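Trainee: I would like a close look at one part of this model, with the terms spelled out as you go. Please take the pockets as that part.

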Amino acid sequence: MITAGLVKTSYPDEDITFLLKDVTDDFEESSLEEREKAVQTGGHYAERLPVEYRPSEEYTKLYHQSVAQTKIQLSHLVGVVARRIQLNAGTDDIVLVSLARAGSPIGILIKRYADQVMDLNWPHYSVSILRDKGIDEKAIHTILQTHPGSRIQFIDGWTGKGAIQKELTKSLEVFNSRYSTDLKDDMAVLADPGACAVLFGTREDFLIPSACLNSTVSGLVSRTILNDHFIGADDYHGAKFYGELMEEDLSNDFVDQVTACFAETAQAAEAEAHSTPVTAERTWEGMEEVEEIGRRLYSETDYHLVKPGVGETTRVLLRRNPWKVLVRDTGHPDVKHILMLAAEKDVPVEEVPDLFYRSIGLIKSGKEI
């Protein structure tokens with residue numbers, strides 16, 4: 001495989017290959033105001049990048065605490081998901097394809113578990129998928145050509161209301177029809193609070209610490225970019241490498257800490273994976289709450305403005321402009337970082353005890369009631 005021109009990363013080569021064009025020297029971030037205005041006037045969110053959030057000392061300390069508190073649980077869930085992937089595929093010949101960038105560290109953890117516990121070498125790539133634009137077809141062609149006959153397993157970190165799952169399903173239907181392939185849309189995630197994935201570790205809405213930071217827990221790689229000025233028809237989708245953040249990079253520290261727990265958690269993870277159903281039905285249960293909130297709090301219903309779950313609420317606070325955050329229980333440890341981010345950005349928080357999700361972020365649009 002030709003790797004020249006691919007975005008750099010702080011992850012080791014053996015952990016991951018980002019099939020993303022390097023636009024580090026060409027692309028500049030937009031201010032939050034510029035980006036929000038562009039999106040509200042019809043621009044696509046992937047045409048611009050937000051300025052990277054630089055965490056405060058207090059927030060960084062809270063991140064480290066969350067890793068310490070959750071790494072055992074994360075390690076267990078990684079094991080459950082890795083084994084369920086194998087059982088569901090019915091083969092050991094699997095290629096992991098994580099969805100950049102929230103899926104990237106999770107894909108690395110699953111690859112490491114397969115290697116260290118299952119004695120399997122699963123290649124791992126990370127590719128771009130964008131809402132309303134679909135998956136990067138050039139990247140998929142590259143993987144299929146490099147690994148003919150292998151089972152492709154798509155990976156993400158968590159689900160919110162299921163927008164990426166729907167985009168993946170739609171993209172693969174088009175791809176399979178066009179190229180006579182048989183790619184599966186059974187995306188695997190650690191946490192599926194919206195009940196929209198069939199392969200998962202848990203459906204509990206809990207904090208995955210990699211949601212707390214941006215590039216500094218994702219191999220110093222930016223969000224993916226699809227902008228005609230920089231990405232040609234024959235290019236992979238793009239991304240930047242934030243080499244200037246090298247001293248702040250926690251990407252390998254995160255995956256190393258979770259990996260170090262495999263020896264402690266593997267036995268229980270294997271027992272759970274073999275004694276419980278491998279897959280579960282998609283019920284889209286969380287979407288009911290999203291639709292109700294959209295109708296109640298916005299004059300024009302746009303469900304993209306409602307970002308449910310701990311992971312999605314965190315992302316909204318890191319790179320968008322929310323006008324309110326809803327939290328089921330402000331005393332719960334999984335939302336401490338959300339309360340801190342909301343306070344930093346002067347975003348009001350409302351406690352809603354009967355909330356289905358643990359938290360929901362509401363994006364400002366001019367349509368809020």
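Mentor: What follows is an account of the pockets and the residues around them.

The model is predicted, with local features requiring pLDDT of at least 70 and side-chain atom pairs counting only at pLDDT 80 or more, while totals for chains, interfaces and linings use all residues. Residues are numbered from 1 along each chain as its sequence is written, and side-chain values use heavy atoms, with hydrogens and water left out.

The largest pocket (an open set of points on a 1 Å grid over the protein atoms alone, where a 1.4 Å probe fits, with protein on both sides within 12 Å along at least five of seven lines) has a volume of about 330 Å³, taken as the space filled by probe spheres set on points joined across faces, edges and corners. Its lining (residues with an atom within 4 Å of a point) has 18 residues, and Val39, Gln40, Asp302, Leu305 and Arg320 lie nearest the centre. Helix α1, residues 32–40 (a DSSP run of H or I, at least four residues, numbered from the N terminus), supplies the largest share of this lining, three residues. Sorted by class, the lining of the largest pocket holds eight charged residues (Asp, Glu, Lys, Arg), four nonpolar (Ala, Val, Leu, Ile, Met, Phe, Trp, Tyr, Cys, Pro) and six polar (the others, Gly among them).

The second largest pocket encloses about 190 Å³, and its lining includes Met1, Ile2 and Leu6, together with Lys21, Asp235 and Tyr236. Helix α4, residues 137–146, gives the most to that lining, with four residues. By class, the second largest pocket is lined by five nonpolar, four polar and three charged residues.

Note on methods:
Helices (H or I, at least four residues) and strands (E, at least two) are DSSP runs, numbered from the N terminus.
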